[in-house]
Amino acid sequence: MIAIPKQRITREMILDESYELTRKKGISAVNTAVVSKAVGCSVQPIYSYFKNMDDLKTAIYEKAMDEFMERANKAEHDFYESVLEYVRFASDEKKLFSLLFLADGMIFSEKDRISGKSGAHSVFINILHGEEKNKTAFDLFIFAHGLASLIANDKLLFEELSLEEYMEQIKHKLI
């Protein structure tokens, strides 16, 4: 009988399986037992590549942010399209959106509104120039964040066409 060599477990395999688990079930579902079963290994390879589970979860977060930024950058420096993509991401990737934009510590203040500086909002605001545009952009972003949060939590359903129409109406009301 010929022995079939075991596949070498890599960091990418662990990260990819953990990422898919996060995408389907959320970051809270990521633990050593579930990841090792998904990868088909013991927990030892996980700790060979990641110091601890927080290190793995940080890598998942970074991969999710890279995916989001790739999508947001397709808007080619159009603030409105970037915000619309933010809402689309919430609809398409509910668990990843929650990981990136609904986590603890995402707090907006009136000072942020005026200065144009705040967590996820700063992803978009660098497209615009001038304080007044920043205030309008912040208002649009806050509205879109609320909409995206409702969509990501399955509290509001939108079809792509009606979402674009609705966001276009809001854009004209704010701008």
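When I speak of the angle between two helices, I mean the angle between axes, which are lines fitted to C-alpha atoms over the stretch in contact, taken between the N-to-C directions and running from 0 to 180 degrees. Please keep that in mind as we go through this structure, which is a predicted model.

Let me begin with the overall make-up. The protein has 10 helices and 0 strands, and if you read along the sequence you meet the pattern α-α-α-α-α-α-α-α-α-α. Of its 175 residues, 39% count as buried, while the surface that the protein exposes comes to about 10,500 Å², with carbon and sulfur atoms supplying 53% of that area. If we take the contacts between residues at least 6 apart in sequence, 62% of them join residues at least 24 apart.

Now to the inside. In soluble globular proteins, nonpolar side chains tend to be buried together. In this model the largest nonpolar core has 44 residues, and those with the most contacts inside it are Ile14, Val35, Leu56, Phe68, Val87, Phe97 and Met167. Several elements give two or more residues to this core, among them helix H1 (11–25), helix H2 (32–39), helix H4 (53–73) and helix H6 (94–101).

Let us look at one of those core residues, Val35, which lies in helix H2. Is Val35 buried or exposed? Its relative accessible area is 1%, and buried means under 20%, so Val35 is buried. Leaving aside residues up to four places away in sequence, Val35 touches Ile14, Ser18, Leu21, Val30, Ile46 and Leu56. Val35 and Tyr19 are 16 residues apart in sequence, and their C-alpha atoms are 9.8 Å apart in space.

I would like to turn next to a pair of helices, H4 and H6, which pack at an angle of about 110° with their axes 10 Å apart. Angles of 65 to 115 degrees count as roughly perpendicular, and therefore H4 and H6 are roughly perpendicular to each other. On the H4 side the contact is made by Ile60, Tyr61, Ala64, Met65, Glu67 and Phe68, and on the H6 side by Leu96, Leu99, Leu100 and Phe101. Sorted by class, this contact has 9 nonpolar residues, no polar ones and 1 charged residue.

Glu67, which lies in helix H4, is worth following a little further. Not counting residues up to four places away in sequence, Glu67 touches Tyr19, Arg23, Phe89, Glu93 and Leu96. The C-alpha atoms of Glu67 and Phe89, which are 22 residues apart along the chain, are separated by 9.6 Å.

Also in helix H4 is Met69, and here the relative accessible area is 25%, so Met69 is partly exposed. Its C-alpha atom is separated by 9.6 Å from that of Ser82, 13 residues away along the chain.

Finally, a word on the backbone. Where does Asp154 lie? You will find Asp154 in the loop between H9 and H10, and although Asp154 is not a glycine, it has a positive phi of about 55°.

Terms used:
Residues are numbered from 1 along each chain as its sequence is written. This is a predicted model: local features need pLDDT of at least 70, side-chain atom pairs count only at pLDDT 80 or more; totals for chains, interfaces and linings use all residues. Side-chain values use heavy atoms; hydrogens and water are left out. A nonpolar core is a set of buried Ala, Val, Leu, Ile, Met, Phe, Trp, Tyr and Cys residues joined through side-chain atoms within 4.5 Å. Buried means under 20% relative accessible area, exposed over 50%, partly exposed in between (1.4 Å probe, protein chains only). Helices (H or I, at least four residues) and strands (E, at least two) are DSSP runs, numbered from the N terminus. Angles under 35 degrees count as roughly parallel, over 145 as roughly antiparallel, 65 to 115 as roughly perpendicular and the rest as oblique. Contact means heavy atoms within 4.5 Å. Ala, Val, Leu, Ile, Met, Phe, Trp, Tyr, Cys and Pro count as nonpolar, Asp, Glu, Lys and Arg as charged, and the others, Gly among them, as polar. Accessible areas come from the Shrake-Rupley method with a 1.4 Å probe; for residues, only the protein chains shown count as cover.
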